[in-house]
Amino acid sequence: MTNATPIVTETAATLPARVPYHLAIIMDGNGRWATERGLPRQAGHRAGVENLRRVIRACSEFGVQILTIYAFSTENWRRPGPEVRGLLTILEMMLDRELDNLDDNGVQLRHLGRLDGLTPNLQQKVLNAVERTRNNDRLTLNVAFNYGGRDEILRAVKQIVSEGIPPEQIDEVLFNHYLDTAGEPDVDLLVRTAGEMRVSNFLIWQAYYAEYYATPVYWPDFDKEELRKAFAQFTGRDRKYGGLSKGSQ
Ligand code: IPE
Ligand code: IPE
Ligand code: MG
C-alpha cells in the first residue's frame with residue numbers, strides 16, 4: 001500500500017447502519033475479469049490484489065473487526081502449473097510489499113490453512129508476517145491460503161485425538177480452539193463475488209449461521225461502494241438462528 005494512513009471520508013451519516021464483526025469473502029472472478037479484457041488470467045489475479053488493498057482500507061474505515069479472505073483453496077492445486085505458481089508469487093509479493101503498510105495500519109495477519117505445499121522460503125515469510133503483526137488490533141486479516149474447510153476440520157480432529165482428549169470434554173467451544181480461526185467469533189457475513197452460488201469448501205464450520213451475499217460483480221471490480229451494498233443488505237437481514245424474529249409472539 002502506498003497511502004500509509006487511510007483517508008477517512010465517512011461520517012456518522014454515511015457509515016453503514018450495521019457492519020459485520022466478522023466478514024468473509026470468496027474473492028472470485030479474477031480469471032473472467034481478465035479474459036473479458038483479452039488479458040492473461042494472471043493480470044486478473046494482479047488486479048484482484050490491487051482491489052484487496054482497497055477493500056482492506058474500506059473494511060478498516062467501516063469498522064469491520066475481522067476480514068477473512070479466500071486466496072487459494074486446497075482444490076486450486078488442480079489448476080495448470082503456471083497459474084498455481086503465479087498465485088504463489090502473488091502471495092509472496094504481497095508479503096514483501098504490503099507488510100510494512102499493513103503493520104503501520106494496525107492490521108494483524110493470520111494464516112488459515114496448510115503451510116506445507118508452500119516453499120520453505122514462503123512458509124518462513126508467512127510465519128514472520130504473522131509473528132510481526134500479532135499484537136495489532138485494528139483489523140484482523142485472516143488469509144486463507146492453501147485452505148480447505150474439510151482439511152481444517154480433519155486437522156482439528158487429529159490434534160484432539162492425538163492429545164487424548166476424552167469424548168465427554170469435546171464440545172463446540174473446545175473444537176473452536178483447534179481450528180485455524182481459534183479465538184475468533186463465527187462469520188457474520190459471507191460474500192461471494194462473480195456470481196457462483198456455492199461455498200467451495202470455505203469456512204464450513206465458522207460460517208454455519210453466516211448471512212450470505214452473492215453478487216455478479218467480479219472481484220477486481222468489487223469496490224467500497226459494492227461493499228456498502230453488501231452491508232446494506234446485511235443490515236436488513238433478520239438473524240433468527242433457528243428462533244423467531246425479535247418482537248414476534
Ligand atoms: C479467484 O478468481 C481467484 C482464485 C481462485 C485464486 P478465479 O481465478 O477463480 O476466477 P474465475 O472464477 O476463473 O473467473
Ligand atoms: C474459490 O474459488 C477459491 C478462491 C476464491 C480462492 P474457485 O474459483 O476456486 O471455486 P470454484 O472452482 O468455482 O468452486
Ligand atoms: Mg473461480
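In this predicted model, a polar side-chain atom of arginine 32 lies 2.7 Å from an oxygen atom of ligand 1. Arginine 79 also puts a polar side-chain atom 2.7 Å from an oxygen atom of ligand 1. The protein buries 87% of the 380 Å² that ligand 1 exposes when taken alone. Ligand 1 sits in the largest pocket, and the space taken by ligand 2 is the largest pocket as well.

**Ligand 1: contacts and shell**

- The shell around ligand 1 counts 13 residues. The closest are Asp28, Gly31, Arg32, Arg41 and Arg79.
- Glycine 31 contributes through its backbone: a polar backbone atom there is 2.9 Å from an oxygen atom of ligand 1.
- Arginine 32 and arginine 79 act through side chains instead. The arginine 32 pair is 2.7 Å apart, and the arginine 79 pair is 2.7 Å apart.
- By class, the shell around ligand 1 holds 3 nonpolar, 5 polar and 5 charged residues.

**Ligand 1: which elements supply the shell**

- Helix α1 gives the most to the shell around ligand 1, with 3 residues.
- Ligand 1 sits in the largest pocket. Three elements give two or more residues to its shell: α1 (30-35), α2 (41-62) and α3 (81-104).

**Ligand 2: shell**

- The residues around ligand 2 are Ile26, Met27, Asp28, Tyr70, Ala71, Phe72, Asn76, Arg79, Arg192, Arg198 and Ser200.
- By class, that shell has 5 nonpolar, 2 polar and 4 charged residues.
- Strand β2 (residues 66-73) gives the most to the shell around ligand 2, with 3 residues.
- Asp28 and Arg79 surround ligand 2 and are also listed among the closest residues to ligand 1.

**Ligand 2: polar contacts and cover**

- An N or O atom in the side chain of aspartate 28 is 3.2 Å from an oxygen atom of ligand 2.
- Arginine 198 brings a polar side-chain atom to 2.8 Å from an oxygen atom of ligand 2.
- For serine 200, a polar side-chain atom lies 2.7 Å from an oxygen atom of ligand 2.
- On its own, ligand 2 has 390 Å² of accessible area, and the protein covers 79% of this.

**Overall fold and dimensions**

- The protein has 7 helices and 6 strands.
- Along the sequence, these elements follow the pattern β-α-α-β-α-β-α-β-α-α-β-β-α.
- The radius of gyration is 18 Å. A compact globule of 249 residues would come near 18 Å, so the value agrees with that expectation.
- The C-alpha trace spans about 55 × 50 × 35 Å along its principal axes.

Key: Residues numbered from 1 in each chain as written. Chains lettered and ligands numbered in written order. Predicted model: local features only at pLDDT ≥ 70, side-chain atom pairs only at ≥ 80, totals over all residues. Heavy atoms only, no water. Near = heavy atom within 4 Å. Polar contact = N/O pair within 3.5 Å; in protein donor to acceptor, adjacent residues only side chain to side chain. Areas by Shrake-Rupley, 256 points an atom, 1.4 Å probe, with all protein chains shown as cover. 1 Å grid on protein atoms, 1.4 Å probe; cavity = no way out; pocket = protein on both sides within 12 Å on 5 of 7 lines; lining within 4 Å. Sits in = over half its atoms within 2 Å of the grid points. Helix = DSSP H or I, 4+ residues; strand = E, 2+ residues; numbered from the N terminus. Nonpolar A, V, L, I, M, F, W, Y, C, P; charged D, E, K, R; others polar. Rg over C-alpha atoms; globule rule 2.2 N^0.38 Å.
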